Amino acid sequence: MSKRINNIFKEKIKFENMLAAYKRAAKGKRNNKEVILFEMDLANNLTKILKQIYNGTYTIGDYRKFIIYEPKQREVYALPFADRVVHQWYVEEFIKPIFLPKMINDTYACIEKRGVHLAITTLRKYMKKMYKENPNYYILKCDISKFFYNIKKEKLYKIIERKVKDRDFLEFTKKLLYQKSSSSSGIPIGNYTSQYFANIYLNELDHFIKEKLKVKYYVRYMDDFILLIENKEKSKEILKEITKFLDENLELELNKKTNYFKVNQGVNFCGFKIKLKEIRLLKRSKKKIYKRVKIWNQMYKNQQLDFKKTNASLRAWVGHASHITKQGLIQDVVNKCEWIYKETNGT
């Protein structure tokens, strides 16, 4: 075991660090009422947060809960803006420098310069390599059941504690995990810290698969992960080992979508169907963007559309889809956006 890190927390409680966290939290949200109010007394608000963290009196504000339905129904929790600044500070100053270097190369969510597109292109590259080695190999696709809801806080804390022994940092981490919920399981979807806590949690699985099971070709994007295995029998064995590890070490279960199948079937991953010779957008992903366009058009007709925010969302989708999707689909989606040309013409 590597040496545990100490004496890191209080040295990071600096105005310039919290100011940088504020700028990251406010990016793209400068017109938000909550952000505007915070910025009106920026220096005092940041100083207040710093003092509270330093003397141990910082408390987390009340969550706002709302429901999203894509791709499936989820409860999402949003903290007050001041707390989102604190989460930005915590992740940037501690989680990223301490924990990200310990993660394997082939986990792709929430890591700079790694994302959906790299995960997809890497998986396809591995599929082609494996095909040259063994054209009859199997794909083992795993998905964890209700992942964020089932993360065990005490286990997560122990994983973090194995790496860091600074008591101030650990007490602050406990505050983030427990202060607004006495439940032993679950971290809020929507918190900036949650996606990094989730990655830290499943990093245990990553190292088990790579180092203990010796799986050469493995890609994970949050709780969705793919293994390329020599044959059917080996796939069964590895699935049993993963199931056992998740149960005994992380108290997690794989959901019913977990399965293994021949490579010629391709695999659904991150919204795309990936085969040896092609990658295409899944039908549900197409339905999702057309549904969003329909909502945007209705908001435009009702004079409720935020042009700046909507155009940013549309550009993000086009950027996402253009890596792989045929231009005909992208052009059709853009053509159905009724506000675009009128906005451009100043009407």
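**Contacts, cores, salt bridges and a pocket in a predicted model**

Leaving out residues up to four places away in sequence, D224 touches K141, C142, V219, F269 and C270. The model analysed here is a predicted one. In this model, D224 belongs to strand β5, which covers residues 224-229. With a relative accessible area of 14%, D224 falls under the 20% limit and is therefore classed as buried.

The packing of nonpolar residues was examined next. In soluble globular proteins, nonpolar side chains tend to be buried together. The largest nonpolar core of the model contains 77 residues, and within this core L227 and I242 have the most contacts. Helix α4, residues 81-99, gives the most to this core, contributing 10 residues. The surroundings of I242 were then listed, without its neighbours within four places in sequence: I242 is in contact with L140, L205, F208, I209, L213, F225, L227 and L254. A second core, separate from this one, consists of 38 residues, among them I120, Y126, L281 and L314.

Charged pairs were considered as well. Across the whole structure, the search finds 19 salt bridges. One of these is formed by E93 and K12, whose closest N and O atoms are 3.7 Å apart. Because E93 lies in helix α4 and K12 in the segment before α1 (15-26), this pair ties together parts that are 81 residues apart in sequence. The relative accessibility of E93 is 13%, so this residue counts as buried. K12, by contrast, has a relative accessibility of 26% and so counts as partly exposed.

A further salt bridge joins R220 to D206, with 2.8 Å between the closest N and O atoms. This pair links distant parts of the chain, since R220 is in strand β4 (residues 217-221) and D206 is in helix α9 (residues 192-212), 14 residues apart. The relative accessibility of R220 is 0%, and R220 therefore counts as buried. D206 also has a relative accessibility of 0% and is likewise counted as buried.

E278 and R280 form another salt bridge, in which the closest N and O atoms are 3.6 Å apart. The relative accessible area of E278 is 33%, which makes this residue partly exposed. R280, with a relative accessible area of 38%, is partly exposed too. Elsewhere, E154, K158, E161, R167 and E171 are joined into one network by salt bridges that share partners.

Finally, open space in the model was surveyed. Rolling a probe the size of a water molecule over the atoms shows where empty space is left. The second largest pocket has a volume of about 460 Å³. This pocket is lined by 16 residues, of which K102, R162, N203, E204 and H207 are the closest to its centre. Helices α7 (153-163) and α9 each supply at least two residues of the lining. The largest share of the lining comes from α9, which provides 7 residues. Sorted by class, the lining of the second largest pocket comprises 7 nonpolar, 3 polar and 6 charged residues. Helix α9 thus appears in two parts of this description: D206, the partner of R220 in a salt bridge, lies in this helix, and α9 also gives the largest share of the pocket lining.

Methods. Residues are numbered from 1 along each chain as its sequence is written. This is a predicted model: local features need pLDDT of at least 70, side-chain atom pairs count only at pLDDT 80 or more; totals for chains, interfaces and linings use all residues. Side-chain values use heavy atoms; hydrogens and water are left out. A nonpolar core is a set of buried Ala, Val, Leu, Ile, Met, Phe, Trp, Tyr and Cys residues joined through side-chain atoms within 4.5 Å. Buried means under 20% relative accessible area, exposed over 50%, partly exposed in between (1.4 Å probe, protein chains only). Helices (H or I, at least four residues) and strands (E, at least two) are DSSP runs, numbered from the N terminus. Contact means heavy atoms within 4.5 Å. A salt bridge is a side-chain nitrogen of Lys or Arg within 4 Å of a carboxyl oxygen of Asp or Glu. On a 1 Å grid over the protein atoms alone, a cavity is a set of points where a 1.4 Å probe fits but cannot get out, and a pocket is an open set with protein on both sides within 12 Å along at least five of seven lines; lining residues have an atom within 4 Å of a point. Grid points are joined across faces, edges and corners, and a volume is the space filled by probe spheres set on the points. Ala, Val, Leu, Ile, Met, Phe, Trp, Tyr, Cys and Pro count as nonpolar, Asp, Glu, Lys and Arg as charged, and the others, Gly among them, as polar.
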